[in-house]
Amino acid sequence: MAASPFLALPGAVDIADVGVAAHYGNPLSEQRALADGRAIVDLSDRAVLTITGPDRLSWLNSLTSQSLLGLAPGESTETLLLDVTGRLEHAVRIVDDGETLWMLVDSAEAEGLLAWLTSMRFMLRVELADRTADLATIGTIGDPALPIAAPNGVPLIWHDPWRAVTPGGHQYARGEHPGASWTWSERLVPRDALGSIAARVTAGEFPVAGTLAADALRIAAWRPRFATEVDEKTIPHELDWLRTAVHLTKGCYRGQETVAKVHNLGHPPRRLVMLHLDGSEGVHPERGAVVTNDGKEVGTITSSALHYELGPIALAVVKRSTPADATLVVDADGTAVAAAQEIVVPPEAGAEAHVPRLPRLGAVTRQPRA
């Protein structure tokens, strides 16, 4: 891909050399503008894949965790591709326009996902394509006037379903959920229109925010992302991803047995927490920073940010056995940073079938003496 025109805007800094700006000089002001619904975020480094053909919905429905059979044109959802043990392999954001199913994924996922889906076509009436060269993604919390692609008459806008539990899903988080106010959307625009959109930013039509601003607001909404929260052991329950990406009563798909067993009979071995970090040392833990309790390693940081209202925050995945009321410590490049937990997935998550425990085989029940 050619360099994004947004990188030519004043102050643009591409920290990770991924092809889009992490910020434009003032991440906190960019957060405010984004949270207010005024700013847009250049996500043109992300990939866009398509599935066409009359079997596209039923085929992908049989392979992944979400129920897709009744997906209406323009409706947004997300689905997970799991391995046979229920571990996460891909997370896919989906919108269908009645003719084509559009899949929005992180660029690192695209090649592997496309290759695996191609290998599973068999005799079904589906065709797959990579449309990343044609379409670019713009993220926003508002509703800016952008040239949205609509090749089949339906605007290609993915509205994040994280605001509420979707039909067939389940939420482990208790009480008021910060995702209720999360109105994030991702809009597909013609890639050759990025230059004119950047020019409108320069003209002051709307502000622009970097990916750091988007990440900070995502963390505050407890919203998991495949590129950051997922490792080789992750199952959906650990991230509370059953609330929007898993349908618990749909038909069979790869990994479903693990999803059902953990949800109904067991507990996820790890759990997602949001951490409020002590900012007095002025250090910022990176992804992968070790989290400890009483000197013992209990997990790792998956995402971290400086929030414009909450201060230093992070998402972390910790062992289920970690006490919910414990003040944890994060190793930020050799500096110990205290971290207060905000519980996302509680330690008791799972075991929703409430199956009574049976007496141990061979145990003798003794009657109390008179």
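A residue counts as buried when its relative accessible area is under 20%. The legends below apply this term to a predicted model.

**Figure 1. Surroundings of N293 in strand β12 of the predicted model.** N293 belongs to strand β12, which spans residues 290-293. Its relative accessible area is 14%, and N293 is therefore buried. Leaving aside residues up to four places away in sequence, N293 touches V298, P323, A326, T327 and L328. V330 lies 37 residues from N293 along the chain, and the C-alpha atoms of the two are separated by 9.1 Å.

**Figure 2. The closed barrel and the helix that packs on its sheet.** Six strands form a closed barrel in the order β11-β14-β13-β12-β15-β16, with antiparallel pairing. From one strand to the next, the twist averages 40°. Helix α5, residues 211-220, packs on the sheet and touches β11 (270-277), β13 (296-307) and β14 (311-319). The direction of α5 makes about 125° with that of β13. Within the barrel, strand β15 (residues 327-332) runs antiparallel to strand β16 (residues 335-343), and six bridges join the two. In this pair, D331 stands opposite A336 of β16.

**Figure 3. Strand β5 and its partners β2 and β4.** Strand β5 covers residues 100-105 and is mostly covered, with six of its six residues buried. In a regular strand, side chains alternate between the two faces of the sheet. In β5, T100, W102 and L104 point one way, whereas L101, M103 and V105 point the other way; all are buried. Strand β2 (residues 47-52) pairs with β5 in the antiparallel sense over six bridges, and L49 stands opposite M103 of β5. Pairing between β4 and β5 is likewise antiparallel, here over four bridges. D96 has L101 of β5 as its bridge partner. A hairpin with three residues between the strands connects β4 and β5. In the turn of this hairpin, G98 has a positive phi of about 95°.

**Figure 4. The largest cavity and its lining.** Rolling a probe the size of a water molecule over the atoms shows where empty space is left. The count comes to one cavity of 30 Å³ or more, and the largest cavity has a volume of about 30 Å³. Its lining is made up of L60, T64, T79, L80, L81, V92, M103, L113 and L117. Strand β3 (76-82) and helix α3 (107-119) each supply at least two residues of this lining. The most is given by β3, with three residues. By class, the lining of the largest cavity has seven nonpolar, two polar and no charged residues.

**Figure 5. The largest pocket and the elements around it.** The largest pocket has a volume of about 1,200 Å³ and is lined by 46 residues. Of these, T211, D215, R218, R225 and T228 lie nearest the centre of the pocket. Two or more lining residues come from each of α1 (27-35), β4 (88-96), α3, α5, α6 (226-229) and β13. Helix α5 provides the largest share of the lining, seven residues. By class, the lining of the largest pocket has 24 nonpolar, eight polar and 14 charged residues.

Terms used: Residues numbered from 1 in each chain as written. Predicted model: local features only at pLDDT ≥ 70, side-chain atom pairs only at ≥ 80, totals over all residues. Heavy atoms only, no water. Pairing = 2+ DSSP bridges. Axes fitted to C-alpha atoms, helices over the stretch in contact; angles between N-to-C directions. Contact = heavy atoms within 4.5 Å. 1 Å grid on protein atoms, 1.4 Å probe; cavity = no way out; pocket = protein on both sides within 12 Å on 5 of 7 lines; lining within 4 Å. Points joined across faces, edges and corners; volume = space filled by probe spheres on them. Nonpolar A, V, L, I, M, F, W, Y, C, P; charged D, E, K, R; others polar. Buried < 20%, exposed > 50% of the residue type's maximum accessible area, 1.4 Å probe, protein only.
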